[in-house]
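These are my notebook entries on one structure. I set down what I looked up, topic by topic.

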Amino acid sequence: MNKLISSLVACTALMAAQTAAAQHTTPYLDPAAPWTFTGTADVSKGLFLPGCAVTIVLGGPDNNGDGLSISHTDLSNVSATMTLSGGLCGAVTIDPIPAGKVKYTGTSSSGTLTFEAVYAHTITLGDCSGDLAGAWDQATGTLTIASGTIPPVNGGPPCTIDGEVQLTTPTAGSGTIVP
């Protein structure tokens with residue numbers, strides 16, 4: 001009987017360790033997505049649009065086919081959407097960023113959050129496509145995109161974005177990107 005109990009305890013402990021190890025790859029979001037950032041940015045591609053309202057949502061649709069709509073934790077499974085609004089800003093649209101294209105380097109307190117293969121449809125000649133990176137500050141819950149530049153696709157100047165968004169869900173300071 002003691003051997004049976006010892007075996008059950010050992011198996012349970014082994015299963016719990018495997019489950020805990022399988023919960024996260026790094027980096028990951030704590031708490032899990034969705035995360036929503038809101039703020040303002042100046043946007044330009046030949047035409048300067050000051051003070052655009054910006055919303056970035058980490059979470060998104062079920063891009064990795066696991067049946068979970070937005071309850072992703074591992075950053076490799078998180079997709080993103082970016083929207084601009086206010087005046088002409090709403091005419092600039094950004095395609096959804098699929099899972100696997102949101103990257104993070106740094107520590108749990110600060111680092112660089114990069115959105116890869118961002119495609120912006122502009123209101124002037126030519127769209128833009130490329131990576132866009134922002135500086136993440138966990139203590140303040142801010143993501144700062146300072147003079148971010150996305151190369152033009154088919155002519156004209158590059159797209160630029162310069163602004164700051166604040167983590168609103170979860171509340172600022174409570175979200176951590178664990179490297």
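I take a residue as buried when its relative accessible area is under 20%, as exposed when that value is over 50%, and as partly exposed in between. The model I examined is a predicted one.

**Entry 1. Disulfides**

I applied the burial cut-off to a cysteine at the outset. Cys52 has a relative accessible area of 0%, so I recorded Cys52 as buried.

I then searched the whole structure for disulfides, and the search returned two. In one of them Cys52 is joined to Cys89, with an S to S distance of 1.9 Å. About the S-S bond of Cys52 and Cys89 I read a torsion of about -75 degrees, and I therefore noted this disulfide as left-handed. I located Cys52 in strand E3 and Cys89 in the loop between strand E4 (79-85) and strand E5 (93-94); the bond therefore ties together parts that are 37 residues apart in sequence. Cys89 has 3% relative accessibility and also counts as buried.

The other entry in the list is the disulfide of Cys128 and Cys159, with the sulfur atoms 2.1 Å apart. Here I noted 85 degrees about the S-S bond, and the link is right-handed. Cys128 belongs to strand E8 and Cys159 to strand E10 (residues 159-169), so this pair ties together parts that are 31 residues apart in sequence. I found both Cys128 and Cys159 to be buried.

Which pattern do the disulfides of the protein chain follow? Counting the bonded cysteines along the chain, I wrote down 1-2, 3-4.

**Entry 2. Aromatic rings**

I next searched the whole structure for aromatic pairs and obtained three. I examined the pair of Trp35 and Trp136: the ring centres are 5.9 Å apart and the planes stand at 40 degrees, so I classed the pair as tilted. That class applies because planes under 30 degrees apart count as stacked and those over 60 as edge-to-face, with the rest as tilted. The pair links distant parts of the chain, as Trp35 is in strand E2 (residues 35-44) and Trp136 in strand E8 (residues 128-137), 101 residues apart.

Are these two tryptophans buried or exposed? Trp35 is buried, with a relative accessible area of 0%. Trp136 is at 2% relative accessibility, so I counted Trp136 as buried too. I also noted that ring pairs link Trp35, Phe37 and Trp136 into a cluster.

**Entry 3. A nonpolar patch**

I turned to the surface and recorded a nonpolar patch of about 250 Å², made by Leu47, Leu88 and Ile123. I placed Leu47 in the loop between E2 and strand E3 (48-59). Leu47 has a relative accessible area of 36%, so I entered Leu47 as partly exposed.

**Entry 4. Gly106**

Finally I looked up Gly106, which lies in strand E6 (residues 102-106). With a relative accessible area of 41%, Gly106 is partly exposed.

Which residues is Gly106 in contact with, leaving aside its neighbours within four places in sequence? I found Gly111 and Pro179. For Gly106 and Pro179 I noted a separation of 6.6 Å between the C-alpha atoms, while the two residues are 73 residues apart along the chain.

Notes. Residues numbered from 1 in each chain as written. Predicted model: local features only at pLDDT ≥ 70, side-chain atom pairs only at ≥ 80, totals over all residues. Heavy atoms only, no water. Phe/Tyr/Trp six-rings, centres within 6.5 Å; stacked < 30°, edge-to-face > 60°. Helix = DSSP H or I, 4+ residues; strand = E, 2+ residues; numbered from the N terminus. Buried < 20%, exposed > 50% of the residue type's maximum accessible area, 1.4 Å probe, protein only. Patch = residues over 30% accessible without salt bridge, like charges linked within 9 Å, V, L, I, M, F, W, Y side chains within 5 Å. Areas by Shrake-Rupley, 256 points an atom, 1.4 Å probe, with all protein chains shown as cover. Salt bridge = Lys/Arg side-chain N within 4 Å of Asp/Glu carboxyl O. Disulfide = S-S within 2.5 Å. Contact = heavy atoms within 4.5 Å.
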